[in-house]
Amino acid sequence: MTASKFNQPLGGNEMPRFGGIATMMRLPHVDGAKGLDVGFVGVPFDIGTSNRGGSRFGPRQIRAESCLIRPYNMATRAAPFDSLQVADIGDIAINTFNLQKSVAIIEAAYDEILAADCKPLTLGGDHTISLPILRALHKQHGPVGIVHIDAHADINDHMFGEPVAHGTPFRRAIEEGLIEPARMVQIGLRASGYEADDFDWPRSQGVRVVQAEECWYRSLAPLMGEVREQLGDGPVYLTFDIDGLDPAYAPGTGTPEIGGLTVHQGLEIIRGCRGLDLVGGDLVEVAPAYDTSGNTALTAANLLFEMLCVLPGVEYRTG
Ligand code: MN
Ligand code: MN
């Protein structure tokens with residue numbers, strides 16, 4: 001076997017999978033995004049959380065549980081490490097005593113990542129972090145389309161009087177023009193709300209809202225065909241709140257809601273993003289303290305791998 005010019009995940013025959021320093025997918029850890037096509041980034045931030053805390057530990061746990069992921073996608077035949085230079089660029093040093101300062105720190109860090117022409121795949125952290133990421137993306141790409149998987153719409157006008165928290169990022173992002181609402185879809189929304197028409201605000205902005213009940217008992221592959229058509233050729237950001245999945249699969253999260261998506265549906269959504277011009281993605285709201293089996297972080301790690309597998313430029317080994 002000839003040595004690849006691209007970084008490869010450390011194999012299980014080189015170091016036991018439970019050994020070594022925990023990086024995402026056992027990739028090299030590098031300083032800065034220069035020279036990378038894709039960077040896994042941790043944002044250990046949970047000070048925008050409204051109920052159970054602890055997603056500050058998400059990046060570490062996702063890295064730990066990612067140790068089992070091998071380089072090839074056996075379902076789709078994606079071979080991301082054949083054509084993309086990928087590494088773990090570590091965590092953003094947020095100021096955990098100050099939410100607004102942390103949001104500015106995150107935006108500045110993503111400015112740098114994007115300036116290096118590196119696509120960020122982010123290990124959260126609570127959903128607040130998508131707002132500064134979208135602010136940075138806007139400077140590079142203009143308004144983006146969004147595929148948003150979540151139990152919640154995250155379009156509150158404020159939380160406890162605060163304009164920036166984990167329940168408000170998409171309200172702010174739409175107001176700030178960071179998103180093209182007509183190129184946004186929210187999937188998996190459900191449960192109880194403050195008002196019966198809570199999910200109608202995004203609809204009034206032109207967002208397609210697919211409530212969880214519309215997904216029950218179904219493959220989401222046909223939906224994703226419609227989503228690809230709706231989102232078209234422009235830049236798209238993929239944001240996956242792990243609470244979009246049912247708490248049976250992902251109990252380790254801060255605001256769990258029953259009746260959610262299955263893991264299979266989560267895979268169908270991400271795999272259905274293949275062909276879109278994805279400019280980055282995040283996986284947020286993993287709170288390891290409530291994740292006694294590790295399955296939530298394991299699922300999160302695999303969903304991040306699936307995101308990597310649908311980025312533009314990935315080669316597929318079709319045999
Ligand atoms: Mn969310
Ligand atoms: Mn949520």
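Me: In this predicted model, how far apart are the manganese ion (ligand 2) and the manganese ion (ligand 1), and which residue coordinates both?

Reply: Happy to start at the metal site of this predicted model. The manganese ion (ligand 2) sits 3.3 Å from the manganese ion (ligand 1). The residue that coordinates both ions is D150.

Me: Which residues donate to the manganese ion (ligand 1), and at what distances?

Reply: The donor residues follow the sequence spacing H-x22-D-x3-D-x86-D. Filling in that pattern, the atoms are H127 (ND1), D150 (OD), D154 (OD) and D241 (OD). They coordinate the manganese ion (ligand 1) at 2.1 to 2.2 Å.

Me: How many residues apart in sequence are the parts tied together by H127 and D150?

Reply: H127 and D150 are both donors of the manganese ion (ligand 1). H127 belongs to the loop between β4 and α4, and D150 to the loop between β5 and α5 (169-175), so the pair links parts of the chain separated by 23 residues.

Me: And the manganese ion (ligand 2): which protein donors does it have, and how far away do they lie?

Reply: Here the spacing of the donor residues reads D-x1-H-x88-D-x1-D. The donors are D150 (OD), H152 (ND1), D241 (OD) and D243 (OD), with D243 (OD) listed twice. Their distances from the manganese ion (ligand 2) run from 2.1 to 2.4 Å.

Me: Are D150, H152 and H127 buried or exposed?

Reply: The cut-off to keep in mind is that a residue under 20% relative accessible area counts as buried. D150 and H152 both fall in that class. H127 joins D150 there, so by this definition the answer for H127 is buried.

Me: Let's step back to the sheet. In what order do its eight strands run, and is the pairing parallel or antiparallel?

Reply: As a reminder, strands of a sheet pair through backbone hydrogen bonds, in either a parallel or an antiparallel sense. This sheet is open, with the order β3-β1-β4-β9-β8-β5-β6-β7. Its edge strands, each paired on one side only, are β3 (86-91) and β7 (208-211). From one strand to the next the twist averages 15°, and the pairing is parallel.

Me: How many bridges join β1 to β4, and how many pair β4 with β9?

Reply: Between β1 (residues 38-43) and β4 (residues 119-124), V38 faces K119 and V43 faces G124. On the β9 side, L123 stands opposite L283. The counts are six bridges for β1 with β4 and three for β4 with β9.

Me: How many of the residues of β4 are buried?

Reply: β4 has partners in both β1 and β9. The strand is mostly covered, and the buried count is five of its six residues.

Me: Which strands does helix α4 lie across, and at about what angle does α4 run to β8?

Reply: Helix α4 (residues 130-141) lies across β4, β5 (144-149), β6 (179-189), β8 (235-241) and β9 (277-284). Helix α9 (residues 263-271) lies across β5, β6 and β8, at about 165° to β8. For α4, the angle to β8 is about 170°.

Me: How do α3 and α4 cross, and with which handedness?

Reply: Two packed helices are described by the angle and the distance between their axes. The axes of α3 (residues 99-115) and α4 come within 8 Å and cross at roughly 35°. Among the contact residues are V103, I106 and Y110 of α3 and I133, A136 and L137 of α4. The crossing is right-handed.

Me: Where is the cis peptide bond, and what is its omega?

Reply: Most peptide bonds are trans. Here G124 and G125 are joined by a cis bond, and G125 is placed in the loop between β4 and α4. Omega for this bond is about 10°.

Me: What are the phi values of M25 and R26?

Reply: Most residues other than glycine have a negative phi. M25 and R26 are found in the segment before β1, and they are buried, at 1% relative accessible area for M25 and 8% for R26. Phi is positive in each case: about 55° for M25 and near 55° for R26.

Me: Which backbone atom does the side chain of Q85 reach, and at what distance?

Reply: Q85 is found in the loop between α2 (80-83) and β3, and is buried with a relative accessible area of 17%. Q85 touches several residues, including K5, F6, N7 and V38. Its side chain reaches the backbone nitrogen of N7 at 2.6 Å.

Key. Residues numbered from 1 in each chain as written. Chains lettered and ligands numbered in written order. Predicted model: local features only at pLDDT ≥ 70, side-chain atom pairs only at ≥ 80, totals over all residues. Heavy atoms only, no water. Donors = N, O, S within 2.8 Å, 3.2 Å for Na, K, Ca; no water. Buried < 20%, exposed > 50% of the residue type's maximum accessible area, 1.4 Å probe, protein only. Pairing = 2+ DSSP bridges. Helix = DSSP H or I, 4+ residues; strand = E, 2+ residues; numbered from the N terminus. Axes fitted to C-alpha atoms, helices over the stretch in contact; angles between N-to-C directions. Contact = heavy atoms within 4.5 Å. Polar contact = N/O pair within 3.5 Å; in protein donor to acceptor, adjacent residues only side chain to side chain. Left-handed = near helix turned anticlockwise from the far one by under 90°. Lists of a residue's contacts leave out its neighbours within four places in sequence.
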